[in-house]
Amino acid sequence: MKVVIVGAHGGVARQLTPRLVAGGHEVVGVVRNPDHVADLEQDGASPVVLDIETATSADLAEHVRGADAVVFSAGAGGKGGAQRKIDVDRDGALKLADAASVSGVRRYLLVSAMGLQAVVDGATPDGVEPGFVDYLRAKLAAEDALRSRPELDLTVLRPGHLLDDEATGRVTLSRSTLEVGGVPRADVAAVLAALLAAPGTAGETLELVSGDVPVEEAVAALA
C-alpha cells in the first residue's frame, strides 16, 4: 500500500510512518519545512516539501497520484490566529480531498479532535481558550465538508489529549462521544495503521482515548 501523509512531521505522523514502513508499505510524507526532510527520510518516508497553506490541490495531486490512501494529520494547533486554523485545518484537509478525488484515491483518514460538539452551530464553550475554539471550529468544518464527498471512503479519528507517553497498545475506541481524556501519540498512530487496514471503517467517526482494549481488537469491533 502507498500512503500519502500530510503533516508528516507531526508527533502522530512520525510514529505512524515507521510503523507503516515496517509493515511493508510505501509512505510519502508532505511537510512545509525543508529542514524536516532528513527526519522524514530517517522515518522511512519519501519527503515532499509543500506548504498546504499556499499550495493548490493540483500541486498536491502530483504527489497523491498512484496512492492507495491519504492521511491528513496536519494541524495549526496553538500557532497563528483564526485564519491560520482555517487555512491549515479546514482548507488543507479539503485540498487533500480534491487531490485525492482527481487522482482516484478513495481512502481518506482525517485526524480530527475530541470536543467538537462544544462548537456545533457556532457555540462558544465556556472556559476554553479562544485559539482552541478556532481550532475546533476549523476541524468541525473540515469533517462536515469531507462527509459531503461521496467519492471518498472517509474515516474520521478524534483522539483525546495527545501525550508523549510510551505506547500502551490498549485504547477505548468508540462511535459514541467519550469523556475527553488522554492518549499517547504512539497509540493514535497504531489505531491509524489499523484503520488503514480495515476498509470497513469507512464512513465512521471514532473517538479515541486510552483504555483496556488491544488496538487491533478495538478497530476490528468497529469494522
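**Figure 1. Packing around helix H5 in the predicted model.** The buried residues of helix H5 pack against two kinds of element. The strands are E4 (69-72), E5 (107-111), E6 (153-159) and E10 (205-210). The helix is H4 (82-103). On the H5 side, the buried residues are Val133, Tyr135, Leu136, Ala138, Lys139, Leu140, Ala142, Glu143 and Leu146. Charged residues are part of that list, with Lys139 and Glu143 among them. Helix H5 has 18 residues. From first C-alpha to last, H5 reaches 26 Å, close to the 26 Å expected at 1.5 Å a residue.

**Figure 2. The surroundings of Lys139 in helix H5.** Helix H5 covers residues 130-147, and Lys139 lies within it. Lys139 has a relative accessible area of 1%, under the 20% cut-off, so it counts as buried. Two backbone oxygens lie by its side chain. The oxygen of Ala74 is 3.2 Å from a polar atom of the Lys139 side chain. The oxygen of Val111 is also reached by the side chain of Lys139, at 3.2 Å. Both Ala74 and Val111 are among the contacts of Lys139. The other residues in contact are Phe72, Asp89, Ser112 and Leu116, leaving aside neighbours within four places in sequence.

**Figure 3. Glu143 and its salt bridge to Arg147.** The side chains of Arg147 and Glu143 meet at 2.6 Å, N to O. Both residues lie in helix H5. They are 4 residues apart, about one turn of the helix. How exposed is Arg147? Its relative accessibility is 40%, and Arg147 counts as partly exposed. Glu143 is buried, with a relative accessible area of 0%.

**Figure 4. Glu143 and its salt bridge to Arg158.** Here the side chains of Arg158 and Glu143 meet at 2.7 Å, N to O. Arg158 lies in strand E6 and Glu143 in helix H5, so this pair ties together parts that are 15 residues apart in sequence. Strand E6 is also one of the elements that the buried residues of H5 pack against. Arg158 is buried, with a relative accessible area of 10%.

**Figure 5. The Arg149 and Glu151 pair, and a salt-bridge network.** Arg149 forms a salt bridge with Glu151. Their closest N and O atoms are 2.7 Å apart. Arg149 is buried, at a relative accessible area of 19%. Glu151 counts as partly exposed, at 27% relative accessibility. Elsewhere, salt bridges that share partners join Glu143, Asp144, Arg147, Arg158 and Glu207 into one network. A search of the whole structure finds 14 salt bridges.

**Figure 6. Helix H6, mostly covered.** Helix H6 covers residues 185-196. How many of its residues are buried? The count is 11 of 12. The buried residues are Ala186, Asp187, Val188, Ala189, Ala190, Val191, Leu192, Ala193, Ala194, Leu195 and Leu196. At 1.5 Å a residue, the 12 residues of H6 should span 16 Å. The end C-alpha atoms are 17 Å apart, which agrees.

Note on methods
Residues numbered from 1 in each chain as written. Predicted model: local features only at pLDDT ≥ 70, side-chain atom pairs only at ≥ 80, totals over all residues. Heavy atoms only, no water. Expected span 1.5 Å × (residues − 1). Buried < 20%, exposed > 50% of the residue type's maximum accessible area, 1.4 Å probe, protein only. Polar contact = N/O pair within 3.5 Å; in protein donor to acceptor, adjacent residues only side chain to side chain. Contact = heavy atoms within 4.5 Å. Salt bridge = Lys/Arg side-chain N within 4 Å of Asp/Glu carboxyl O.
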